[in-house]
Amino acid sequence: MNLKKIINPWIGSPSYNCFVCCPTNPKGLHMEFYEDGDYVVTKFKPTRDYESWYNTLHGGIQALLIDETAGWVVCRKLKTNGVTSKMNMEYLKPVSSQLDEITVRAKISKMMRNVAFIEAELMDADETVLTRAELIYFCTPKFKLNENNFHEFKLEGEE
């Protein structure tokens, strides 16, 4: 992997409090995101706090991680924002809450006007795909970005 850190452009914004990616949300996950070619990638350390069944990461937490990663794909790769319209999850294998780390990665598979089709997967350290998802995002037309106070997602060291 050739990971390049994506700078979170909302840090310091007074109303920013995303449960997944805000570093100052006291109950948040404090996730960071990276670019790796066509993919946006994040790493997560599962713990017992996020279990459903004994030693098993809750499926809703898996969906949350995948959905947020897909959102960062839209922001970074398409330089716009959007909303999830549909998410189809395939839970292939149980995800142990005892794992040292899991990786979530997502990329755009197809575009149709302002609709992004995104493929995502959650993997263990051996790159075994444990969960797979297909998402459909409705993307904000670029001319409306200023109305929504959009901030561009740049890579660390990028001007």
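This note sets out, in numbered points, the main features of a predicted model.

1. Sheet. Seven strands make up an open sheet, and their order across it is β1-β2-β3-β5-β6-β7-β4. The pairing in this sheet is antiparallel. At the edges stand β1 (4–5) and β4 (82–91), each of which pairs on one side only.

2. Pairing of β6 and β7. These two strands are joined by nine bridges in the antiparallel sense. One position to inspect is F117, whose bridge partner in β7 is I136. F117 also has a charged neighbour: K110 lies over the face of its ring, at 4.6 Å from the ring centre.

3. Nonpolar core. The largest nonpolar core has 37 residues, and those touching the most other members are F33, F44, L65, I66, I118 and L135. At least two core residues come from each of β3 (39–44), α1 (59–77), β5 (102–112), β6 (115–123) and β7 (129–139). The largest share is that of α1, which supplies nine residues.

4. L135 within the core. L135 is one of the core residues that touch the most other members. Leaving aside residues up to four places away in sequence, the contacts of L135 are I66, D67, A70, T84, K86, M87, A116, F117, I118 and A120. Two of the residues named here, I66 and I118, are also listed with L135 among the core members that touch the most others.

5. F44 within the core. F44 lies in strand β3 and is buried, because its relative accessible area is 6%, under the 20% limit for that class. Residues up to four places away in sequence being set aside, F44 touches L29, M31, Y50, L57, I61, L65, E101 and I102. From F44 to V20 the C-alpha separation is 11 Å, while the two residues are 24 places apart in sequence.

6. Aromatic pairs. How many aromatic pairs does a search of the whole structure find? The search returns three. One of them joins W10 and Y16: the ring centres are 5.8 Å apart and the planes meet at 40°, so this pair is classed as tilted. W10 is partly exposed at 24% relative accessibility, whereas Y16, with a relative accessible area of 13%, is buried. Another pair, F44 with Y50, is also tilted, at 5.7 Å centre to centre and 55° between the planes. Within that pair F44 is buried, and Y50 is partly exposed, with a relative accessible area of 21%.

7. A charge over a ring. Which residue lies over the face of Y39? The residue is R105, placed 4.2 Å from the ring centre.

8. Cysteines. A search of the whole structure finds zero disulfides. For C18 the nearest cysteine sulfur is that of C21, 3.6 Å away, and C18 is in no disulfide. Why does this pair not count? The reason is the distance: a disulfide requires sulfur atoms within 2.5 Å, and the sulfur of C21 is 3.6 Å from that of C18. C21 is likewise in no disulfide, and its nearest cysteine sulfur is that of C18. In exposure, C18 is partly exposed at 24% relative accessibility, while C21 is buried, with a relative accessible area of 3%.

How values were computed:
Residues numbered from 1 in each chain as written. Predicted model: local features only at pLDDT ≥ 70, side-chain atom pairs only at ≥ 80, totals over all residues. Heavy atoms only, no water. Phe/Tyr/Trp six-rings, centres within 6.5 Å; stacked < 30°, edge-to-face > 60°. Buried < 20%, exposed > 50% of the residue type's maximum accessible area, 1.4 Å probe, protein only. Lys NZ or Arg CZ within 6 Å of the ring centre and 35° of its normal. Core = buried A, V, L, I, M, F, W, Y, C linked by side-chain atoms within 4.5 Å. Helix = DSSP H or I, 4+ residues; strand = E, 2+ residues; numbered from the N terminus. Contact = heavy atoms within 4.5 Å. Pairing = 2+ DSSP bridges.
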